[in-house]
Amino acid sequence: MKLAIAGAAGRMGRVLTRIVNETPGAEVAGGIEPKGSGHVGADMGELAGIGALDVAITDDPLSLMTHIDGIIDFTVPAATLALAELSAQARIVHVIGTTGIDEDGEAKIRAAARHARIVKSGNMSLGVNLLASLVRKVAATLGEDYDIEIVEMHHKHKIDAPSGTALMLGAAAAEGRGVNLKQRSVRSRDGHTGARTAGDIGFATLRGGSVVGDHTVMFAGETERIELTHKASSREMFARGAVRAALWGFDKKPGLYSMNDVLGLE
């Protein structure tokens, strides 16, 4: 499967280049960087530290789309939406790990999935998706006597908050409870806030250093507290999940899929 990587010169892009290159059945077929990037024309293998691959980074995704089977995309919302439209035109696989996409953007991705095979997830790791499944089950089992709080920490360069993974876990908790996350989420607390409202799902965001990603979902009762935690030590797990998603989507019908579909999780 010929795979291109969006944001190929970034930290995640370089890890993806290495993982695609070493994955049986996958081939590094191209990389994309924005116009004006100093990395346009660079060899993807040399950037990734694995030796020359004779595959150069381009700033012209339209021409690249004509000779690839899929693209893996951990970039920014504007770039992802543009790539989703091109993926629909080319009818290829588009794996989206980009977070911070608003409602209008989500609608555009759903429209693109009428023709492209799109796998989209707030987190591509096996562990996090298993965690979301557990959160859904625990939330469905415990009543509103147990307050749900989600704490996440990422490196200082992350530009969106809460993280896509935290929102994914919040959505799982809300689904387990049978409530609307938008109506019950609390994103910040400052000053005299009053007592906590029963049934709310709280989020706390921490940023600093080089933390790849830590997430904890707390179910706090009057006499006990249950904590479900996932800690990422390397971007490699996200890359391996994304490549697995791309290979899984190769022979699927057009549609919008999640890592639950890829992993066979309910």
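# A tour of two sheets

Start with the open sheet of five strands, ordered E8-E9-E7-E10-E11, where the pairing is mixed. Its edge strands are E8 (185-186) and E11 (225-232), and each pairs on one side only. Strands here are DSSP runs of E with at least two residues, helices are runs of H or I with at least four, and both are numbered from the N terminus. Two strands count as paired if DSSP finds at least two bridges between them.

Before moving on, note that this is a predicted model: local features need pLDDT of at least 70, side-chain atom pairs count only at pLDDT 80 or more, and totals for chains, interfaces and linings use all residues. Residues are numbered from 1 along each chain as its sequence is written, and side-chain values use heavy atoms, with hydrogens and water left out.

**Stop 1: strand E7**

Select residues 147-154, strand E7. Now add strand E9, residues 201-207. E7 and E9 run parallel, joined by seven bridges. Look for Glu 149, with Gly 202 of E9 opposite. Further along, Met 153 faces Leu 206 in E9.

Turn to E10. E7 and E10 are antiparallel, again with seven bridges. Ile 150 has Val 217 as its bridge partner in E10.

Next, show helix H6, residues 126-141. H6 lies across E7, E10 and E11. Its direction makes about 165° with that of E11. Such angles run from 0 to 180 degrees between N-to-C directions; the axes are lines fitted to C-alpha atoms, for helices over the stretch in contact.

**Stop 2: Ala 220**

Select Ala 220 in strand E10 (residues 213-220). Is Ala 220 buried, exposed or partly exposed? Ala 220 counts as partly exposed because its relative accessibility is 25%. The scale calls a residue buried under 20% relative accessible area, exposed over 50% and partly exposed in between, using a 1.4 Å probe and protein chains only.

Which residues does Ala 220 touch, leaving out those up to four places away in sequence? They are Asp 145, Tyr 146, Asp 147 and Arg 225. A contact means heavy atoms within 4.5 Å. Measure to Tyr 146 in your viewer: the C-alpha atoms are 4.9 Å apart, although 74 residues separate the two in sequence.

**Stop 3: a charge over a ring**

Select Arg 187 and Phe 203. Arg 187 lies over the face of Phe 203, 5.4 Å from the ring centre. The test is NZ of Lys or CZ of Arg within 6 Å of the ring centre and within 35 degrees of the ring normal.

**Stop 4: the seven-stranded sheet**

Now bring up the other open sheet. Its seven strands follow the order E3-E2-E1-E4-E5-E6-E12, with parallel pairing. E3 (57-58) and E12 (255-257) stand at the edges with a single partner strand each, so one side of each has no neighbour in the sheet.

Select E4, residues 70-73. Both faces are covered. Gly 70 and Ile 72 on one side are buried, as are Ile 71 and Asp 73 on the other.

Add E1, residues 2-6. E1 pairs with E4 in the parallel sense over four bridges. Ala 6 has Asp 73 as its bridge partner in E4.

Then add E5, residues 93-96, which is parallel to E4 over four bridges. Gly 70 is bridged to Val 93 in E5. Follow the chain from E4 through helix H4 (residues 77-90) to E5: this β-α-β crossover is right-handed. That is, with the strands pointing away from the viewer, the path from the first strand over the helix to the second runs clockwise.

Go on to E6, residues 117-120. E5 and E6 run parallel, with four bridges between them. Ile 96 has Lys 120 as its partner in E6.

**Stop 5: helices on the sheet**

Select H5, residues 103-112. H5 lies across E5, E6 and E12, at about 145° to E6. Then pick H9, residues 236-249. H9 packs on the sheet and touches E1, E4, E5, E6 and E12. The angle between H9 and E5 is about 155°.

**Stop 6: Trp 248 and Phe 250**

How many aromatic pairs does the structure hold? There is one. Select Trp 248 and Tyr 257: their centres are 5.1 Å apart, with 80° between the planes, an edge-to-face pair. Rings of Phe, Tyr and Trp (its six-membered ring) pair if their centres lie within 6.5 Å; planes under 30 degrees apart are stacked, over 60 edge-to-face, and the rest tilted. Add Lys 252, which lies over the face of Trp 248 at 4.4 Å from the ring centre.

Finish at Phe 250, in the loop between H9 and E12. Phe 250 is partly exposed because its relative accessibility is 42%. Leaving out residues up to four places away in sequence, Phe 250 touches Met 1, Asp 69, Val 93 and Arg 117.
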